Amino acid sequence: MNAMFTAYQDELIGEIRRIDGEALERAAELLLEAYHGDRQVFVMGNGGSAGTANHFVCDFGKNAVQGGRRRFRIHSLCDNVEAITALGNDIAFEAIFAFQLENQMRPGDVLIAISASGNSPDLVRACEYAKEHGGQVIALSGFGGGRICEGAAVRLVTPMRSYERIEDLHLILLHMLVCWFKEHQDRL
């Protein structure tokens, strides 16, 4: 096999093995608390991380709660192109997510921030807004952390610096959360 493919596999598999299980459990518990409190869950990211956010909203909203029970109220802040471009144009790109939270977020709600660098100004501002208004932040980041991790209730961080591998790991982490809920229906 090509050396690059092997290196890609080896690094990603190594990071999967180093996942902070306690942080992942705290994320599941925080989401479980949100469910029991009928709180909302918001998810955001830029670029590939926006795709991951939207993917998670689909999977989690559809599969986390089975049977006839009430499902999670989960929303992607990056799935409305019209809102994002209007806010970016009329206010500032840094405000595209925080502005949406101003209209929707309540104390106790959860914000999941997904970022390879952890330093995107629009994500940082939204995380700050959430914390200032009683929200809980779950931060998924690469590059060893970043500003979205500051004050986050849960930090799922990798030191990897490859955007592709970081995005792969983030999707795996979020799929693990979906599967945790599918296997713990008795906790709902």
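Student: At 1.5 Å a residue, what should the 15 residues of helix 1 span, and how far apart are its end C-alpha atoms?

Tutor: Bear in mind that this is a predicted model. Helix 1 covers residues 3–17, and at 1.5 Å a residue its 15 residues should span 21 Å. The expected span agrees with the model, where the distance between the end C-alpha atoms is 21 Å.

Student: Which residues of helix 1 are buried, and how wide is the arc they fall within?

Tutor: The buried ones in helix 1 are Leu12, Gly14 and Glu15. Looking down the axis of helix 1, you find its buried residues on one face, because they fall within an arc of 160°.

Student: Which residues sit on the other side of helix 1, and are they buried or exposed?

Tutor: To count as exposed, a residue needs over 50% relative accessible area. On that other side of helix 1, the residues Ala3, Asp10 and Arg17 are exposed.

Student: What covers the buried residues of helix 1, and which residue caps its N-terminal end?

Tutor: The cover over the buried residues of helix 1 includes helix 7, residues 163–183. At the N-terminal end, a side-chain oxygen lies 2.6 Å from the backbone nitrogen of Met4. The residue that supplies this oxygen, and so the cap of helix 1, is Asn2.

Student: Let's zoom out. How many helices and strands are in the chain, and in what order do the elements run?

Tutor: The chain has seven helices and five strands. Read from the N terminus on, the order of elements is α-α-β-α-β-α-α-β-α-β-β-α.

Student: What radius of gyration does the chain have, set against that of a compact globule?

Tutor: A compact globule with 188 residues would come out near 16 Å. The C-alpha atoms fill a box of roughly 50 × 45 × 30 Å along the principal axes. As for the radius of gyration, the chain agrees with the globule value, at 16 Å.

Student: What share of the residues is buried, and what share of the contacts joins residues at least 24 apart?

Tutor: Of the 188 residues, 48% count as buried. Now take the contacts between residues at least 6 apart in sequence. Among those, the share joining residues at least 24 apart is 71%.

Student: How much area does the chain expose, and what part of it do carbon and sulfur atoms supply?

Tutor: The exposed area of the chain is about 9,000 Å². Carbon and sulfur atoms supply 50% of it.

Student: What covers the buried residues of helix 3?

Tutor: Helix 3 runs over residues 48–63, and its 22 Å reach is close to the 22 Å expected for 16 residues. Its buried residues include Phe56, Val57 and Phe60. The cover over the buried residues of helix 3 includes helix 2, strand 1, strand 2, strand 3 and helix 7.

Student: Is Gln185 buried or exposed, and what is it in contact with?

Tutor: Gln185 is in the segment after helix 7. Buried means under 20% relative accessible area, and Gln185 has 13% relative accessibility, so it counts as buried. Leaving aside neighbours within four places in sequence, the contacts of Gln185 are Ala64, Val65, Gln66 and Arg69.

Student: What is the phi of Asp38, and what is that of Phe143?

Tutor: Asp38 is in the loop between helix 2 and strand 1, while Phe143 lies in the loop between strand 4 and strand 5. Asp38 counts as partly exposed at 35% relative accessibility, and Phe143 is partly exposed too, with a relative accessible area of 25%. Neither is a glycine, yet phi is positive in Asp38, at about 50°, and positive in Phe143, at about 55°.

Student: Which backbone oxygen lies 2.8 Å from a polar side-chain atom of Gln100?

Tutor: Gln100 lies in helix 5 and counts as buried at 10% relative accessibility. Leaving aside neighbours within four places in sequence, Gln100 is in contact with Leu77, Ile84 and Leu87. The backbone oxygen 2.8 Å from a polar atom of its side chain belongs to Ile96.

Student: Where is Tyr129, and which residues is it in contact with?

Tutor: Tyr129 is in helix 6, residues 121–132. With 14% relative accessibility, Tyr129 counts as buried. Setting aside neighbours within four places in sequence, Tyr129 is in contact with Ala98, Leu101, Glu102 and Met105.

Key. Residues numbered from 1 in each chain as written. Predicted model: local features only at pLDDT ≥ 70, side-chain atom pairs only at ≥ 80, totals over all residues. Heavy atoms only, no water. Helix = DSSP H or I, 4+ residues; strand = E, 2+ residues; numbered from the N terminus. Expected span 1.5 Å × (residues − 1). Buried < 20%, exposed > 50% of the residue type's maximum accessible area, 1.4 Å probe, protein only. Arc of directions from axis to C-beta. Contact = heavy atoms within 4.5 Å. Polar contact = N/O pair within 3.5 Å; in protein donor to acceptor, adjacent residues only side chain to side chain. Rg over C-alpha atoms; globule rule 2.2 N^0.38 Å. Areas by Shrake-Rupley, 256 points an atom, 1.4 Å probe, with all protein chains shown as cover.
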